[in-house]
Amino acid sequence: QNLRIMVEHDPSNERAKAELRLVEKLINQIESGEPPFKYSMYFLVPGESEEKVKAKAELLKSGLKGLGFKVSEASESEIMNLLGLRAKGSKNALPSYLPFFTPFAYVKAPSPELISRGVLLGYERETDRAVFLNVEDSINPHVLVIGPTGSGKTEFLISLGYKLNVAYEIPVVFFDTKGDIKLRLKKYGVPYRVYNPVIHGIALLDLNVGINELKAKVIEDIISASFDMDERVSSILYKLVLKSLYDNPTWKGVLRALEEEDTDFGVKAYLAKVLTMIKELDSGPGIDPRRVEEDRQIVVVDLTQLASEEMKRLASLTAIYSIYLHFKREVDRGLRVALVLDEAWSVLSREQ
């Protein structure tokens, strides 16, 4: 269904078309009576005692279930069949070869220099060794936190953000989609400042980019990614924004340019709806990157009052661009800001 929607919205997407044809072919084969493929994986869990094996197995099962796998413990019968040890008649014998292969996984740890100093992340399960985030020596300072619901991702991000703020005296900007971060910071007595797009606006037309053509492209990118626009609509949007930047750099000016645009009614109606929503939100000064840098405190971008995912993406991406455009002017001064996106998929789920 997702592939069908993608093809309907963007008929030029050859990759989605090819995947859709493949999926439809498989569905037709299954409906005609051909059974779908089934893959089974067996994990051998080692341990010093039965309790440790059970603990590891439960951790493994919860992780796999979080990824959507069906998980169960293998029965004695399954294990016997798998190893080819099923008794036949009165004879017991090992086969000449084992009818399966076993992949052995070896943990590849980072070099000790990279995880022995910095901000404490936690402890390795196997070695109980302390692991630090060394943002000064790491080639890539980014961190991705994954895990099933309830595993503590938000708590970990709050802890990490607070430690970065204290250890490196840098501003940390949290993007709060559900209100969890504000509540937890308040509960832990951590001081923070709130930026609310509904109250402070987003200042999308005021992005400090430079020449109008580049500014129009950045604005088009943000809106297009937020509302998942196709190339045709995005191109019209770019034209409208660029015209208004030269004639009347306001959203009223963009809407006026839309009225004068010679295009079909459906596109005009859709763009009018989107631009009106943006106009209502873009009524204030937006986030101030200079103040973010100077205050060096924790800032929470409160997205909870924005009802739609599109508007949350718009406010988040505008704030991210605004901060990026400010901080990228001096790139060789080390770590200067940390951006923390809880539920990052909701902002970064689009290909753009």
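A salt bridge is a side-chain nitrogen of Lys or Arg within 4 Å of a carboxyl oxygen of Asp or Glu. This is a predicted model, in which local features need pLDDT of at least 70, side-chain atom pairs count only at pLDDT 80 or more, and totals for chains, interfaces and linings use all residues. Residues are numbered from 1 along each chain as its sequence is written, and side-chain values use heavy atoms, with hydrogens and water left out.

Q: Why is the pairing of Asp221 and Lys217 called a salt bridge?
A: The N to O distance between their side chains is 2.5 Å. The limit is 4 Å, so the pair counts.

Q: What separates Asp221 and Lys217 along helix H9?
A: They are 4 residues apart, about one helical turn. Helices here are DSSP runs of H or I with at least four residues, strands are runs of E with at least two, and both are numbered from the N terminus.

Q: Why is Asp221 called partly exposed?
A: Buried means under 20% relative accessible area, exposed means over 50%, and partly exposed lies in between (1.4 Å probe, protein chains only). Asp221 has 27%, so it is partly exposed. Lys217, at 36%, also counts as partly exposed.

Q: What makes Glu24 and Arg4 a salt bridge?
A: Their side chains meet at 3.7 Å, N to O, and the cut-off of 4 Å therefore admits them. The pair links distant parts of the chain, with Glu24 in helix H2 (residues 14-31) and Arg4 in helix H1 (residues 2-9), 20 residues apart. Glu24 is partly exposed at 30%, and Arg4 is partly exposed at 35%.

Q: How do you know that Asp295 forms a salt bridge with Arg291?
A: The closest N and O atoms are 3.0 Å apart, so the 4 Å condition is met. Both residues lie in helix H13 (residues 289-295), 4 residues apart.

Q: Which residues are joined into one network by salt bridges that share partners?
A: Glu155, Lys178, Asp180, Arg184 and Glu343 are joined in this way.

Q: What makes a set of residues a nonpolar core?
A: The members must be buried Ala, Val, Leu, Ile, Met, Phe, Trp, Tyr or Cys residues, joined through side-chain atoms within 4.5 Å. The largest such core has 51 residues, of which Leu204, Ile223, Trp251, Leu271 and Leu314 touch the most other members. Helix H14 gives the largest share, 9 residues.
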